[in-house]
Amino acid sequence: MPQKIQYKTKQREELIAYLEETKGEHITVADVCDYFRAVGNPIGTSTVYRQLERLVDEGLMAKFILEPGSPACFSYLGEEHSGGAMPCFHCKCEICGKLIHLHCEELEQLADHLAEEHRFELNPLRTVFYGRCEACRRADPVSR
């Protein structure tokens, strides 16, 4: 399938500049729209969502659905991940909602194992592990 030509529009460049400022943070489409509305340059919700999805497809952005029915959460990874480098994985505490970033070789080995032994390609840009963080486990020792 031929790859679509990606045009560098002014709006896309402004969006990427904003995303570079928020690199490492988790944002929603509403956050992006609110920012551009506040600076006097509103962008439509569907345009923002479409651009963020393109960036996910290009490997420049990670997307997570943290709760069923909640808005998608995005995190800008940058150019260094577009070449196929493994981005970090995430864990979400089911009690307090804390999101933990993991840069862990063992998880990369898990992704390799899934591919080799089970013919399943894990998409770390859309993967979140659920459980309980250390603080919540300590606060409720009975349910360990």
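These questions and answers walk through a predicted model of one protein chain.

Residues are numbered from 1 along each chain as its sequence is written. In this predicted model, local features need pLDDT of at least 70, side-chain atom pairs count only at pLDDT 80 or more, totals for chains, interfaces and linings use all residues, and side-chain values use heavy atoms, with hydrogens and water left out.

User: Which pattern of helices and strands does the protein chain follow along the sequence?
Analyst: Helices (H or I, at least four residues) and strands (E, at least two) are DSSP runs, numbered from the N terminus. The protein chain has five helices and five strands. Read along the sequence, the pattern is α-α-α-β-β-β-β-α-β-α.

User: What share of the 144 residues in the protein chain is buried?
Analyst: Buried means under 20% relative accessible area, exposed over 50%, and partly exposed in between (1.4 Å probe, protein chains only). Among the 144 residues of the protein chain, the buried share is 35%.

User: How many aromatic pairs does the structure hold?
Analyst: Rings of Phe, Tyr and Trp (its six-membered ring) pair if their centres lie within 6.5 Å. Planes under 30 degrees apart count as stacked, over 60 as edge-to-face and the rest as tilted. By that rule, the number of aromatic pairs is four.

User: Which kind of pair do Tyr18 and Phe36 form, stacked or edge-to-face?
Analyst: Their ring centres are 5.8 Å apart. The planes stand at 65 degrees, so the pair is edge-to-face.

User: How many residues apart in sequence are the parts that Tyr18 and Phe36 tie together?
Analyst: Tyr18 lies in helix α1 (residues 10-21). Phe36 lies in helix α2 (residues 29-38). The pair therefore ties together parts whose separation in sequence is 18 residues.

User: Is Phe36 buried or exposed?
Analyst: Its ring partner Tyr18 has 8% relative accessibility, so Tyr18 counts as buried. Phe36 has 3% relative accessibility, so Phe36 also counts as buried.

User: Which residues do ring pairs link into a cluster?
Analyst: The answer extends the Tyr18 and Phe36 pair. Ring pairs link these two with one further residue, and the cluster is Tyr18, Tyr35 and Phe36.

User: Where do Tyr49 and Phe74 lie?
Analyst: Their ring centres are 6.2 Å apart and their planes are at 80 degrees, so this pair is edge-to-face. Tyr49 is partly exposed, at 34% relative accessibility, whereas Phe74 is buried, at 0%. Tyr49 is in helix α3 (residues 45-57), and Phe74 is in strand β2 (residues 73-76).

User: Why are α2 and α3 called oblique or roughly parallel?
Analyst: Axes are lines fitted to C-alpha atoms, for helices over the stretch in contact, and angles run from 0 to 180 degrees between N-to-C directions. Here the axes come within 9 Å and cross at roughly 120 degrees. Angles under 35 degrees count as roughly parallel, over 145 as roughly antiparallel, 65 to 115 as roughly perpendicular and the rest as oblique. α2 and α3 are therefore oblique.

User: Which residues of α2 and α3 make the contact?
Analyst: Contact means heavy atoms within 4.5 Å. From α2 come Val29, Val32 and Cys33. From α3 come Thr45, Val48, Tyr49 and Leu52.

User: Which strands are the edge strands of the open sheet?
Analyst: Two strands pair if DSSP finds at least two bridges between them. This open sheet of three strands has the order β4-β3-β5, with mixed pairing. Two of its strands pair on one side only, and these are β4 (99-102) and β5 (128-131).

User: How do β3 and β4 run, parallel or antiparallel?
Analyst: Strands of a sheet pair through backbone hydrogen bonds, either parallel or antiparallel. Four bridges join β3 (residues 89-93) to β5, and those two run parallel. Four bridges also join β3 to β4, but these two run antiparallel.

User: Which residue in β4 is the bridge partner of Cys91?
Analyst: The residue asked for lies in strand β4. It touches Phe89, His90, Cys91 and Cys133, not counting residues up to four places away in sequence. In β4, the bridge partner of Cys91 is Ile100.

User: Which residue in the turn between β3 and β4 has a positive phi?
Analyst: β3 and β4 form a hairpin with five residues between them. A positive phi of about 85 degrees occurs in the turn, at Gly97.
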